[in-house]
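Here is a short set of exercises to work through with the model open beside you. Try each task before you read its solution.

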Amino acid sequence: MPKEPAMQREMTGKKFAAILVGGFAIVIAVNFTMATFATRGFSGTVVDNSYVASQKFNGWLEQAEQQEKLGWDAQLARRDDWLSVSTKQVPAGAFLSAQIRRPLGQPDKRELTFASDGSGQFVSQEELPEGRWIVRVTIQSGGDIWVREDTIR
C-alpha cells in the first residue's frame, strides 16, 4: 500500500510577515542586550583628552628611555590575599607603591603600600581583593622613578 504524501501547509502573507517580524525582533533584542553589556563594562575612554595626550607623547617616550637605562625590573604575583613584587637591580632603600584598578565593570581604584624584606621582595600591606586588577607599580629611589603596569588575577 503506497504511503500518502505529507500534508503541506500553505504559505500565506500573514505567516511570512510573522516570520519576518519575529526574525528582526530577535536580532534587535540581541543587539540591544550586547550594547547594554558593552556600555556597562567599559567607559570607552583610555585618555580623557586625546589632543592633550598627543602633546605629552614625546615626554612619555623620554621617560621610558630613562627608565630603561636604570635597568630595574619587577615581577608581580598574587600571594594568597596579598600582592608580592620581586625586584631586580633596585637600590636598597627604594620606595615602592602601587595603584590598582578594575579593568571592567564598576570603577574600583585603590592604593597599596609595601614593606620590604631587604632582599628585593616587597609585600603589600593592604589585602588584594579577588578578581582581575590592573596594577601600576611605581618604584622611587633618589630622583629616579620606574613605573610598570601589568594585569594580575
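Two strands pair if DSSP finds at least two bridges between them. Helices (H or I, at least four residues) and strands (E, at least two) are DSSP runs, numbered from the N terminus. The model is predicted, so local features need pLDDT of at least 70 and side-chain atom pairs count only at pLDDT 80 or more, while totals for chains, interfaces and linings use all residues. Residues are numbered from 1 along each chain as its sequence is written, and side-chain values use heavy atoms, with hydrogens and water left out.

**Exercise 1. Describe the chain as a whole, with its confidence.**

Solution. Start with the elements: there are two helices and seven strands, in the order α-α-β-β-β-β-β-β-β along the sequence.

Next, take the dimensions. The C-alpha atoms fill a box of roughly 95 × 45 × 30 Å along the principal axes. The radius of gyration (taken over C-alpha atoms; the globule rule is 2.2 Å times the number of residues to the power 0.38) is 28 Å, whereas a compact globule of 153 residues would have a value near 15 Å.

Then check the confidence, using pLDDT (the predictor's confidence in each residue, from 0 to 100). The chain has a mean pLDDT of 86, and 93% of its residues reach 70 or more. Helix H1 (residues 13–41) has the highest confidence, at 92, and strand E5 (residues 121–124) the lowest, at a mean of 87.

**Exercise 2. Find the strand partners of E6, and say how E6 is covered.**

Solution. First, look at E3: seven bridges join E3 to E6, and the two run antiparallel. Across this pairing, Ile100 stands opposite Val135 in E6.

Second, look at E7, which pairs with E6 in the antiparallel sense over nine bridges. Here Thr138 stands opposite Val147 in E7. E6 and E7 form a hairpin with two residues between them, and Gly142 in the turn has a positive phi of about 65 degrees.

Third, consider burial (buried means under 20% relative accessible area, exposed over 50%, partly exposed in between, with a 1.4 Å probe and protein chains only). Seven of the nine residues of E6 are buried. For the chain, 21% of the 153 residues count as buried.

**Exercise 3. Which residues have the most contacts inside the largest nonpolar core?**

Solution. Begin with the term: a nonpolar core is a set of buried Ala, Val, Leu, Ile, Met, Phe, Trp, Tyr and Cys residues joined through side-chain atoms within 4.5 Å. The largest one has 20 residues, and those with the most contacts inside it are Leu83, Val85, Phe114, Val135 and Ile139. At least two residues of this core come from each of E1, E2, E3, strand E4 (109–116), E6 and E7. E6 gives the most, with four residues.

Now follow Leu83, taking contact as heavy atoms within 4.5 Å. Leaving aside neighbours within four places in sequence, its partners include Leu76, Phe114, Phe122, Val135 and Ile152.

**Exercise 4. Locate two non-glycine residues with positive phi, and state their exposure.**

Solution. Take Asp80, with a phi of about 55 degrees. Asp80 is in the loop between strand E1 (73–79) and strand E2 (82–88). E1 and E2, joined by seven bridges, run antiparallel, and they form a hairpin with two residues between them. At 64% relative accessibility, Asp80 counts as exposed.

Then take Gln89, whose phi is near 60 degrees. Gln89 is in the loop between E2 and strand E3 (95–101). With a relative accessible area of 65%, Gln89 is exposed.
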